[in-house]
Amino acid sequence: MCAIALELQRRGHIVILFGVPDALAKVSSLNLTTQEIGASDYPMGSVDSAYRTLGKLTGKAGLQFSIDFFKRETQMFFREAPQAIQQANIDILIIDQISTSLATVADYLGLPFITVCNAMLINREPAVPPYSTHWAYSTTPWARLRNRLGNALVDFLTRDLWQVNVEQRRDWNLPPYQKRVDAYSPLAQVCQLPEAFDFPREQLPDHFHYIGRFQDPSGTEPISFDNTDFPFERLNGKPLIYASLGTLQNQRPEIFECIAKSCLPLDVQLVISLGNPKAPLIELPGNPIIVPFAPHQKLIERSQVVVTHAGMNTVLTALGCGVPLVAIPITNEQPGIASRLARTKAGKMLKLSELSETTLRTAITEVLSESSYRNNAQRMQKLIQESGGVAQVADILETAAQTRQPVKVQSANRQ
């Protein structure tokens with residue numbers, strides 16, 4: 001979102017980022033106008049505390065924790081967002097796809113909005129598995145039945161969250177949603193996946209745009225900690241393995257220990273980022289370089305393999321550098337991202353239930369030794385480099401704001 005905001009700001013637009021105190025603190029170094037909301041519900045430190053809890057959870061427990069968190073956030077948005085947006089004289093809203101409450105707020109205020117899929121797009125199709133599963137893509141009847149049942153389970157788990165939206169639309173005398181996709185923008189939906197990385201799609205609206213990685217055009221991440229001190233002098237020239245479980249699923253020391261032990265017999269150098277600038281250092285076998293937070297992009301550029309939880313940021317950064325991955329998805333949309341990675345053969349997926357020193361060592365060795373993984377990662381890199389990125393997002397938003405009509409994909413751009 002910050003990369004998009006910076007591009008719009010460069011074009012002369014006034015951009016306001018709404019967020020709770022913890023979120024705004026993380027972007028305080030950027031030249032962005034911010035507006036605080038939700039301070040009473042989410043005082044400073046509360047979101048970071050929730051993330052620490054999420055970092056210890058896996059699978060359904062992690063998904064349920066996230067759902068409960070978003071339910072509380074939704075209730076806060078309905079109370080505070082309308083007034084804050086009105087006071088800021090907003091002309092158009094840019095809304096994350098999972099923040100369906102803000103689509104209702106936009107309807108209530110009569111404002112146009114575009115939908116941004118910062119993480120995995122959650123648009124449904126019969127042949128596409130639910131985003132939270134490892135399931136492979138298949139068009140067979142049994143797979144479609146499996147997917148339908150999986151989506152029904154997701155609807156059941158998120159029913160309380162969705163009901164908050166339903167009730168608020170009723171209270172505001174807004175037309176009821178007939179289906180969940182109604183909460184996505186009728187003007188434009190943009191996604192930072194390259195189209196070739198996603199499963200095949202047949203039912204996306206003609207205003208859905210695969211954009212490619214949302215990266216600041218300057219070549220750096222807006223919030224990248226690129227200035228974080230790192231002992232580059234300790235890099236010894238051996239093949240570099242960079243391991244990161246991101247900033248959410250980083251409370252799993254047993255996974256870091258497994259990664260370290262799996263690399264012990266290999267002639268490589270391991271760097272582990274704990275994903276939190278305030279994280280206390282831990283001791284792991286094999287003398288890997290362990291840092292609380294690493295200069296993500298710079299290390300990935302030097303890496304032969306990235307070991308990851310399959311968070312969207314890490315996966316797209318690695319593919320954007322042409323570096324193959326070994327993915328160990330933990331919860332939320334990570335299994336869906338990892339299954340797409342496996343399908344592109346730009347990396348391997350290792351389910352958490354299958355994780356051991358032996359299985360991880362085998363996966364890392366395979367990705368290191370077989371050139372096809374790097375070749376496929378470089379193919380993804382080329383597609384990402386050729387994509388429109390945040391400049392295209394800004395073009396789409398400007399058109400939507402001016403015309404108030406759907407911004408359709410040019411047929412030649414859709415595979």
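**View 1. Six strands form an open sheet in this predicted model.** The strand order is β9-β8-β7-β10-β11-β12. The pairing is parallel. Strands β9 (289-291) and β12 (347-349) stand at the edges. Each has a single partner strand, so one side of each is left without a neighbour in the sheet. From one strand to the next, the twist averages 15°.

**View 2. Strands β7 and β10 pair inside the six-stranded sheet order.** Strand β7 covers residues 240-244, and strand β10 covers residues 305-308. Four bridges link the two, and they pair in the parallel sense. Which residue of β10 does tyrosine 242 stand opposite? Its place is across from valine 306. In a regular strand, side chains alternate between the two faces of the sheet.

**View 3. Two helices lie across strands of the six-stranded sheet.** Helix α8 lies across β7, β8 (269-273) and β10. The helix runs at about 170° to β8. Helix α11 (residues 334-344) lies across β11 (325-327) and β12. For α11, the angle to β12 is about 135°.

**View 4. Helix α8 crosses helix α12.** Helix α8 spans residues 253-263, and helix α12 spans residues 357-369. Their axes come within 8 Å and cross at roughly 60°. That angle makes α8 oblique to α12. The crossing is right-handed. Which residues of α8 meet α12? They are Cys258, Ile259, Lys261, Ser262 and Cys263. Facing them in α12 are Glu357, Leu360, Arg361 and Ile364. By class, this contact has five nonpolar, one polar and three charged residues. Helix α8 also appears in View 3, where it lies across β7, β8 and β10.

**View 5. Four strands form another open sheet.** Here the order is β3-β4-β5-β6, and the pairing is parallel. The edge strands are β3 (93-96) and β6 (208-210). Each of these pairs on one side only. The twist averages 25° from one strand to the next.

**View 6. Strand β3 runs parallel to strand β4.** Strand β4 covers residues 113-117. Four bridges join it to β3. What is the bridge partner of leucine 93 in β4? The partner is phenylalanine 113. Helix α5 (residues 100-109) packs on the sheet and touches β3 and β4. The direction of α5 makes about 155° with that of β3.

**View 7. Helix α14 lies across the strands of the four-stranded sheet.** This helix covers residues 389-403. The strands it lies across are β3, β4, β5 (189-191) and β6. Helix α14 runs at about 160° to β4.

**View 8. Strands β1 and β2 pair in the parallel sense.** Strand β1 covers residues 16-19, and strand β2 covers residues 33-36. Their pairing extends over four bridges. Leucine 17 has threonine 34 of β2 as its bridge partner. How does the chain get from β1 to β2, and what is the hand of this crossover? It passes through helix α2 (residues 21-26). This β-α-β crossover is right-handed.

Technical notes:
Residues numbered from 1 in each chain as written. Predicted model: local features only at pLDDT ≥ 70, side-chain atom pairs only at ≥ 80, totals over all residues. Heavy atoms only, no water. Axes fitted to C-alpha atoms, helices over the stretch in contact; angles between N-to-C directions. Parallel < 35°, antiparallel > 145°, perpendicular 65-115°, else oblique. Left-handed = near helix turned anticlockwise from the far one by under 90°. Contact = heavy atoms within 4.5 Å. Nonpolar A, V, L, I, M, F, W, Y, C, P; charged D, E, K, R; others polar. Pairing = 2+ DSSP bridges. Right-handed = clockwise from strand over helix to strand, strands pointing away.
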